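Subject: Structure handover

Hello,

Here is the structure I promised to pass on. Please open it first, then read my notes below.

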Amino acid sequence: MTLLAPAGLAALALLGPLLLWYLLRARRPRRLVASTLLWRPLDDAATAAVPWTPPRPDRTFWLVAAAIVLGSVAIAQPALSVPLPLGEHTILVVDASGSMLADEGGATRLELARRAVADLAGQLGAGQRISIIAAGHRARVLLSASTDPSAARRALQRVDPTHGPADHAGALRLAAALAQPGEDVLTRVLTDGPLPADADDLTPEGTVVDVVGGDRPNLAVLRLELTGAGSGSVRAFVQVRNLGPLPAGADLELRVDGIAGAGRRLHLAPRGTEEVLLPLALDEAAQGAVVEARVRPVGTDVTGAGTADALPIDDAAYAVVPSTEGLRVLVVGPPNLFVDAALAAAVPGVQVTRAAAVPEDLGEVDLLVVDRAPAPARLRVPTLLVAPTGLPDGVTAPAPPVSEPVITAVDGSHPLLADVDLSAVAIAEAQPLAAPSLQGVVSGPDGPLILAGRLGSATVVLLAFDLLGSNLPLETAFPVIVANAVAWLAGPDAEAAAIAGRDVRLSVPPGATGATATPPDGGPAVTLDAGRAVLAVPRTGVWQIAWTVAGDTGAAPSPALLAVNPDPAEADLARGRPSSGAPAGTPGAAAGAEAEPEREGRLAFGRELLAGVLALVALEGLLRARDARRARIAVAR
Amino acid sequence: MTDPREGTVGSLTGADVLSPPMLASLGRLRLGGRGRVHGRFTGAHASRRYGSAIEFAEHRPYVPGDDVRTLDVAASRRSGRWLVRLSEAEDEAALRIVVDTSASMGFAGGRVDAAGAKSLAARRVAAGLAAVALAGGDRVRVLLAGGGPGPVDAGPWCRGQLGLLAVLDRLAGAPCPGSGDLVEALGRAAGEGPRGPVVLVTDLLYRTFPRVLRALGAAPGDATCLHLVSREDLQPTLDEDARLVDVETLAEVEVGAADAAHRRYAERREQWLDEARRRCAAVGAAYARHVDDEDVAQLLSVRLTALGVVA
């Protein structure tokens, strides 16, 4: 404790006159009289005839002495050194990232941060101001230099958490902009993890990091990818991770447009990852469907408690089944009923056109089929070559055609041959080919009969025999292998899902002039211009993209779906974090570790002491009134 | 050791309050009156109403319904219209005596005692007045108020010899200090029963005595204040500096024994007595001062007779 005005203790000198009064005060005998009514004007507290009599302190003496002591100390302005939670201008940066939605025993970390900010706002004193910045997908100033605690509480309700990382750098830039030159600014960052490296450089001096929450277990679906498996089916690649310190059980379930498709029970080691490949049998109508991989904790951990999962937003990942709708196929060569029928039957929505020769401009072609016609030397689009009369670069014919080759080797794992049975296929004649960059999928004794691979920038499937010289078109396997070839060559792979909190550049279809993106929760739609189709996706789930066209220039392209998955970095709820209350930049410490606050202030309590003086005076008055009342009662008795 | 502030229940007897010789000396006195009374029963005091007494009061015009036997034919002939003769009525008086039984009244010898000088004198004055009234056929009510918490001891209306015994018993047995507020007692005395004289017996040694006197003056009948003081009140003995403690409030006052203090006390006492007299006059109340060692019979037969309280 310190005294801000030690000279105030000089008031203790008033004790001298008080003591002197009691030393010199006459000790007159008490005498009971019928009434003092006529004596009262004569009240004459004369000094004692014999001075320096031993003082006889009574209750009044002690109360007055205590009041003098308290009053003197109050004038000296005593103060205690206390941690100073607020500065003249306190800027509070609230982390609104996805991990702040983790449950901390009934309340989310964000709610804990809200309470902490509300508590700090409640401590606002005279002349102190507070600003609040939400570090969500984009940093946003919610309150600027306000002196009103209720305004701070209202501003906290506007914190809109993202499912991705927090924009700490942007928030600290805003904090620096809010600080006025010459004022005492204290920046406090309420977060559940360390500040990123780009934010460290922007951290104002004296910034304090208040850590919210502790280590929490979490199960997360870190990845979901769909790959073609042939026959219209896909395989789902799912990566599930246990981010807790104990083994955990989980049920993984895949749903296609809300209908259960596949599932598996997983046993995850502490901080272990399971990668699962699950086939999904999809029909034609499933094109463009949404696949959801969701994990649910099951069973108990080694302590007997139920498996915990603190963060719900990363329990599901999403993907959209690719669609062949609108696939543009150019068939070059003489008419072939089998090829036309197979394309129409096996590839829904395909648009087939024919040409006598391969045109120079293949900009409007998604798949080129060269059937008994010369192939261009350089292939620029995915191409299906069927007994080409002219070979592209990279493919040579080392030997003359062979008759009635038999199939001796089949690579059944290749997607091209999924669900394809070639055991009854007979070939009249085949051209032996050599293509170092192509893989022989089906081979005979004299060389490969069906090759697949990449020539230059284009994927290629090459049939070394004429379909009309084989019974393959009559086999059940033919439409299947055509469908597999189309899917493998030009089938739109499931685009990699976007990550929440990051910007996504949309592929604008021809003719579209803009887009309207609707979030998964049906919130306010975002309108984009085709020239700058960059969409911020702060929410996980499936976004709906509706394309717009200018005026009546034509029909708008079909809407698209965009899967947005959680940021794996937000899933780890036990990452290292700085000590709470430590200056920014302090190395990480164990959660909950105590740290010395770096700012101290003085808490003056002179007013409380003055109130104590008044209380003593009031007490004396009350005691005197009580004495008088007791006296009246005694007299009445 | 007994607390000197504690009072006592009266250990007096009726003979202590009103001795037979004194009762005998009061036999010729009757309750007087400065105004008309309004009693329920016929008595010896001029009433506020007309009656059937012999004494002529006045005439008034005849109105249908009047008893024709009251027509004054001679007066009617002189005035030329029918006149009715009205006669005086005489009612009993309803006397209220409010006795101050506060601690200052009973203070004597360093303690409060019902038999203290002022207390005893007040009871004797009240008993004498009651005896005079009852002997004249009037009725009496004695109200006791001591300033302490609790109700006023209002007492019943008394009439005749038995009523006198009851009054003497109440006065002899009244505790000191008693309970009840003087203003409240005066209010009850004025508000209950028929109109009649009110007599207050008190020492006026309290700060609220102007309010008490105003309450006395508000009574509808004749009001009289009998101011009882003791010799100690008039000329206190103070040999040394002292801290005086009020026996009622325990308020303390430090005073010196110098001559100047005595002089100032005397000035203050005269101011007080003069103020009491002036305030009584202002409210229309008769005022008589009585020192506790003076003769009560002399007070009743001489001084109160002079004031018209007793005839």
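Is Tyr265(B) buried or exposed? Tyr265(B) is buried, with a relative accessible area of 5%. Keep in mind that this is a predicted model.

**Aromatic pairs**

Over all chains, the count of aromatic pairs comes to two. One of them brings Trp39(A) together with Tyr265(B). Their centres are 4.3 Å apart, and the angle between the planes is 35°. That makes the pair tilted, because planes from 30 to 60 degrees apart are neither stacked nor edge-to-face. Trp39(A) belongs to the loop between β2 (30-33) and α2 (59-75) of chain A, while Tyr265(B) is in helix α10 (residues 259-283) of chain B, so this pair joins two chains. Trp39(A) is buried too, at a relative accessible area of 4%.

Phe61(A) and Trp62(A) also pair. Here the ring centres lie 5.1 Å apart. The planes stand at 80°, so this pair is edge-to-face. Phe61(A) is buried, with 9% relative accessibility. Trp62(A) is exposed, at 55%.

**A charge over a ring**

Look at Arg139(B) next. Its charged end sits over the ring of Trp157(B), at 4.9 Å from the ring centre.

**Chain B as a whole**

Chain B has 311 residues, and 52% of them count as buried. It contains 11 helices and 12 strands. Among its contacts with a separation of 6 or more, 76% come from residues 24 or more positions apart. Its accessible surface is about 13,700 Å². Carbon and sulfur atoms hold 52% of that surface.

Best wishes

Technical notes
Residues are numbered from 1 along each chain as its sequence is written. Chains are lettered from A and ligands numbered from 1 in the order in which they are written. This is a predicted model: local features need pLDDT of at least 70, side-chain atom pairs count only at pLDDT 80 or more; totals for chains, interfaces and linings use all residues. Side-chain values use heavy atoms; hydrogens and water are left out. Rings of Phe, Tyr and Trp (its six-membered ring) pair if their centres lie within 6.5 Å; planes under 30 degrees apart count as stacked, over 60 as edge-to-face and the rest as tilted. Helices (H or I, at least four residues) and strands (E, at least two) are DSSP runs, numbered from the N terminus. Buried means under 20% relative accessible area, exposed over 50%, partly exposed in between (1.4 Å probe, protein chains only). A charge sits over a ring if NZ of Lys or CZ of Arg is within 6 Å of the ring centre and within 35 degrees of the ring normal. Contact means heavy atoms within 4.5 Å. Accessible areas come from the Shrake-Rupley method with a 1.4 Å probe; for residues, only the protein chains shown count as cover.
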